[in-house]
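Trainee: Please take one helix and go through its surroundings closely. I would like to know what packs against it and which hollows lie along it.

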Amino acid sequence: MRRVVSLFAVTVTLFRADVLHGVPFTHVTPRKHPGGQNEPQFKEKFFSQTRDHFNFNSVGNGTFNQRYLITDEHWTKGSGPIFFYTGNEGDIWDFALNSGFITELAAQQGALVIFAEHRYYGSSLPFGKDSFGVPQVGLLTVEQALADYAVMIVDLKQQLAAADCPVIVFGGSYGGMLSVYMRLKYPNVVGGALAASAPILSTAGLGDSRQFFRDVTADFEGVSPECSDAVRGAFHQLQELAERQAYSRIQSEFALCKPPSSARDVRQLNGLLRNAFTLMAMLDYPYSTHFWGNMPADPVKVACETMLSGPDLLTNLRDTAGIVYNSTGALSCFDLYLLYVECADPTGCGLGFDSLAWDYQACTEIDLCYESNNVTDMFPPMSFTEKDRELYCSKRWAVVPRPDWLKVQFWGDALSTASNIIFSNGDLDPWANGGVRKSLSSSLIAINISGGAHHLDLRASNEADPESVVSARKMEAELIAQWVKMEKTRLQKTP
């Protein structure tokens with residue numbers, strides 16, 4: 001099966017059995033990668049990055065400090081490949097410490113590993129504390145982020161005397177989308193891409209707006225049909241209380257810090273609860289994790305056990321949400337507006353400055369108009385149409401979304417002339433069906449991972465891994481080794 005690379009249009013399904021460009025400065029901070037004493041240490045460095053790659057007048061030649069993490073522990077200096085993670089919507093340490101497969105593969109293939117932080121996230125703020133004002137936030141685009149990565153790669157290769165070292169990009173989720181786009185836009189810089197759980201179709205407005213929450217529901221139904229029925233029943237009881245304006249009862253049932261007082265508050269509660277199920281479906285790993293909070297092993301199964309633990313469905317729903325929001329038991333009550341922020345992404349924007357950045361991106365290029373309807377899913381009806389998006393984004397950021405832009409700029413589903421991209425998806429991941437599930441050519445390979453959640457294949461090896469992800473990683477390693485060999489030949493022929 002691993003010889004799929006020699007076949008055309010084969011989809012693999014695996015079943016269980018001093019500040020200059022390129023010169024780092026200050027903050028050389030080693031931090032241990034979890035998983036064992038032999039794991040590499042990353043050094044935290046900063047790169048002087050151009051604020052605006054596409055306009056010579058707007059901010060002149062202004063720069064900002066873009067953070068990146070690097071380890072050369074396994075690198076065959078001057079000839080080994082460079083594995084470059086295209087950072088996504090968050091602090092880059094979170095991704096580096098939860099993508100152990102990349103460093104495992106680096107040990108096998110003698111690679112340098114770099115994790116680059118996305119502009120406007122973590123510590124990489126182009127205008128410091130003023131980065132999220134208008135018009136400063138306008139430089140937060142996919143195109144600017146890709147140019148950041150291309151410039152960083154080219155300059156660091158020069159600084160490291162690595163001109164003939166092939167570059168393979170890696171990314172998960174939005175980071176996986178960026179890896180695809182890097183291969184499409186900068187094939188002169190990047191020799192191949194591993195895009196894990198990359199919803200490049202749905203975020204370009206291609207697909208069914210009902211798909212995401214339908215697939216979240218399917219995960220819970222897969223554990224037990226009674227589980228999804230119990231969730232539906234609990235939300236129905238909540239709706240009945242809201243219609244009677246029994247706000248004190250709702251506060252008591254859900255241990256809220258304040259009683260709701262309006263339909264808006266009830267919608268916020270519904271969003272918070274729906275978001276908990278979304279996160280458990282995405283992070284349904286067979287072992288406990290500390291990626292986005294503390295999650296138990298098999299959280300969907302744990303959630304279903306909780307939902308079916310007794311006859312009081314509202315109590316069960318509250319306790320199920322507590323798996324996500326109160327895993328330590330430290331919270332005495334739930335604050336609706338501190339734990340969850342409603343935004344232009346119905347699947348959740350997170351909290352803090354990073355949530356502002358993602359909200360802006362969802363208001364401009366990245367289309368996340370997903371809805372729940374209580375027919376194809378187990379959640380209360382909560383629509384988010386293109387019109388809803390336009391109204392929200394105009395009010396929040398003074399922008400008008402461009403729903404078709406990603407289809408034009410990054411090819412949409414017309415990818416057949418691209419090459420050297422792996423699209424990996426786990427069948428437990430609600431983002432999976434928003435991505436590429438069938439191979440498009442002998443070098444555009446779809447790998448479907450049975451029993452896999454959100455970019456499970458990028459995570460470090462674990463004894464609880466299903467055989468499907470072990471096989472997926474082996475196939476990915478073989479493909480990447482081939483691409484490295486091809487790209488090295490190309491680079492050596494280039495004057």
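Mentor: Helices α8 and α9 are oblique to each other, because their axes meet at an angle that is neither roughly parallel (under 35 degrees), roughly antiparallel (over 145) nor roughly perpendicular (65 to 115). The model is a predicted one, in which local features need pLDDT of at least 70 and side-chain atom pairs count only at 80 or more, while totals for chains, interfaces and linings use all residues. Residues are numbered from 1 along each chain as its sequence is written, and side-chain values use heavy atoms, leaving out hydrogens and water.

Helix α8 covers residues 263-282 and α9 covers residues 299-307; helices (H or I, at least four residues) and strands (E, at least two) are DSSP runs numbered from the N terminus. Two packed helices are described by the angle between their axes and the distance between those axes. For α8 and α9 the angle is about 140° and the axes are 8 Å apart. Axes here are lines fitted to C-alpha atoms, for helices over the stretch in contact, and angles run from 0 to 180 degrees between N-to-C directions.

On the α8 side, Phe277, Met280 and Ala281 make the contact (heavy atoms within 4.5 Å). Their partners in α9 are Pro299, Val300, Ala303 and Met307. By class this contact has 7 nonpolar residues, no polar and no charged ones. In this scheme Ala, Val, Leu, Ile, Met, Phe, Trp, Tyr, Cys and Pro count as nonpolar, Asp, Glu, Lys and Arg as charged, and the others, Gly among them, as polar.

Helix α8 also borders the largest cavity, and together with α10 (313-325) gives two or more residues to its lining. A cavity is a set of points on a 1 Å grid over the protein atoms alone where a 1.4 Å probe fits but cannot get out; a pocket is an open set with protein on both sides within 12 Å along at least five of seven lines; and lining residues have an atom within 4 Å of a point. The volume of this cavity is about 50 Å³, taken as the space filled by probe spheres set on the points, with grid points joined across faces, edges and corners. Its lining consists of Phe254, Leu256, Leu269, Leu272, Leu273, Arg318, Ala321, Tyr325 and Phe334. Of these, 8 are nonpolar and 1 is charged, with no polar residue.

Phe254 leads to another helix pair, as it belongs to α7 and meets α6 together with Arg249 and Ile250. The α6 residues in that contact are Leu238, Leu241 and Ala242. Helix α6 (residues 225-243) and helix α7 (residues 247-254) pack at about 150°, with axes 8 Å apart. Their contact has 5 nonpolar residues, 1 charged and no polar.

Helix α8 takes part in the largest pocket too, where it supplies the largest share of the lining, 4 residues. This pocket has a volume of about 860 Å³. Among its 37 lining residues, Leu279, Trp292, Cys349, Gly350 and Leu351 are the closest to its centre. At least two lining residues come from each of α1, α4 (174-185), α8, α10 and α12 (352-364). By class the pocket lining has 19 nonpolar, 13 polar and 5 charged residues.
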